[in-house]
Amino acid sequence: MAEEKTGKMNPEVMQEKKREVLLTAKKAYDEKLMAGTSGNMSAYCPECGLMAITPSSYDYSIMEEKDIVVIDLDGNVIEGCHRPSSEWKMHAEIYRHLPRVGAIVHTHSPYATSFAVTHQEIPVILIEMIPFLKGSIEVSPYATQGSAEVGLNAVPILERKNACLMANHGVVAVGATMAEAYINSVYVEDTAKIYHMALSVGTPIEIPGYEKEK
């Protein structure tokens with residue numbers, strides 16, 4: 001588990017984190033990786049132990065930088081006029097346990113979520129899955145939405161992979177930066193779409209010689 005810092009807020013750093021979260025949230029919404037007010041994302045500052053996270057149940061189309069909430073890993077609001085995402089505990093547990101992670105993107109992208117609700121792992125069928133996702137897309141056990149267990153159940157997979165499906169829920173992708181976490185979430189949906197289409201016309205063939213570690 002990462003050592004939890006409780007330093008003072010760096011306004012310039014957190015302003016940049018808020019900007020990254022806002023731009024990525026709007027991009028994900030525009031690209032149909034989530035609908036309505038579903039999904040959430042955050043960027044973490046390990047030096048001060050704070051994350052910038054999307055607000056709870058807020059329309060992405062009208063979201064502004066001032067709407068992004070800054071909280072600590074215990075959920076205390078440091079800056080912001082809204083409640084943080086209801087999944088803030090998931091984000092906090094991932095940051096606590098995985099010091100390599102600097103950003104988290106959680107989407108309900110439709111093709112990937114279709115495999116999440118059927119608890120189906122997606123095997124290594126595309127070469128991009130190896131460098132970006134670190135192998136197959138595994139499914140973490142179900143946990144009640146908004147609970148810390150949502151994050152804790154994903155941690156064992158995310159120790160080895162850059163993304164996973166969450167049973168009956170959606171996708172969580174991580175990265176050292178917001179750009180990395182976002183592109184990983186895009187590759188999850190792209191892979192799921194291709195796998196779904198391939199299943200409809202035949203039997204997808206896994207890439208030979210790639211051993212995933214579990």
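**Cysteines**

I began with C81 and looked for a partner: the closest cysteine sulfur belongs to C48 and lies 20 Å from the sulfur of C81, which is too far for a bond. The model I am reading is a predicted one, and I kept that in mind for every entry below. A disulfide would need two cysteine sulfur atoms within 2.5 Å, and by that rule my count for the structure came to zero. I then looked up how the cysteines sit with respect to solvent, and C81 counts as exposed because its relative accessibility is 58%, whereas C164 is buried with a relative accessible area of 0%.

**Nonpolar cores**

Which residues touch the most other members of the largest nonpolar core? I found M51, I94, Y95, V101, I104, L158 and V172, in a core that holds 24 residues. Going through the secondary structure, I noted that β2, β3 (69-72), α2 (88-97), α5 (148-158), β7 (163-166) and β8 (170-175) are the elements that give two or more residues to this core. Apart from it I located another core, of 23 residues, which has A25, C48, M63 and M178 among its members.

I followed M51 a little further, and placed it in strand β2, which covers residues 50-53. M51 counts as buried, since its relative accessibility is 0%. I also took the C-alpha separation of M51 and A92, which is 8.5 Å for two residues 41 apart along the chain.

**Helix α2**

I asked how many of the ten residues of α2 are buried. Eight of them are, so I wrote the helix down as mostly covered. The buried residues of α2 are W88, M90, H91, A92, E93, I94, Y95 and R96. K89, also in helix α2, is partly exposed, with a relative accessible area of 34%. Setting aside the neighbours within four places in sequence, I found K89 in contact with G146, S147 and A148. For a longer-range reference I took K89 and G36, whose C-alpha atoms are separated by 21 Å and which are 53 residues apart along the chain.

**Helix α5**

In α5, I listed A148, V150, G151, A154, V155, I157 and L158 as buried. I then checked what covers these buried residues, and the cover includes α2, β6 (139-140), β7 and β8. V155, which lies in helix α5, is buried with a relative accessible area of 5%. Leaving out its neighbours within four places in sequence, I recorded contacts of V155 with E93, I94, H97 and L98. As a reference distance, V155 and A28 are 23 Å apart from C-alpha to C-alpha, with their places 127 residues apart in sequence.

**Cavity**

I searched for enclosed space and found one cavity of 30 Å³ or more. The largest cavity contains about 40 Å³ of space. Its lining, as I read it, is made up of S140, P141, Y142, A143, V150, N153, M166, A167 and H169.

**Aromatic pairs**

My search of the whole structure returned four aromatic pairs. One that I looked at in detail joins F115 and Y195, whose ring centres are 5.4 Å apart and whose planes meet at 35 degrees, so that the pair is tilted. Where do the two residues of this pair sit in the chain? F115 is in helix α3 (residues 110-117) and Y195 is in helix α6 (residues 178-201), so the pair links distant parts of the chain, 80 residues apart. I noted both F115 and Y195 as buried.

**Backbone angles**

Most residues other than glycine have a negative phi, and I therefore looked for exceptions to that general pattern. H119 has a positive phi of about 55 degrees, although it is not a glycine, and I placed H119 in the loop between α3 and α4 (129-133). Its relative accessibility is 47%, so H119 counts as partly exposed. K134, likewise not a glycine, has a positive phi of about 65 degrees, and its place is in the loop between α4 and β6. I entered K134 as partly exposed, with a relative accessible area of 37%.

Definitions and conventions:
Residues numbered from 1 in each chain as written. Predicted model: local features only at pLDDT ≥ 70, side-chain atom pairs only at ≥ 80, totals over all residues. Heavy atoms only, no water. Phe/Tyr/Trp six-rings, centres within 6.5 Å; stacked < 30°, edge-to-face > 60°. Helix = DSSP H or I, 4+ residues; strand = E, 2+ residues; numbered from the N terminus. Buried < 20%, exposed > 50% of the residue type's maximum accessible area, 1.4 Å probe, protein only. Core = buried A, V, L, I, M, F, W, Y, C linked by side-chain atoms within 4.5 Å. Contact = heavy atoms within 4.5 Å. 1 Å grid on protein atoms, 1.4 Å probe; cavity = no way out; pocket = protein on both sides within 12 Å on 5 of 7 lines; lining within 4 Å. Points joined across faces, edges and corners; volume = space filled by probe spheres on them.
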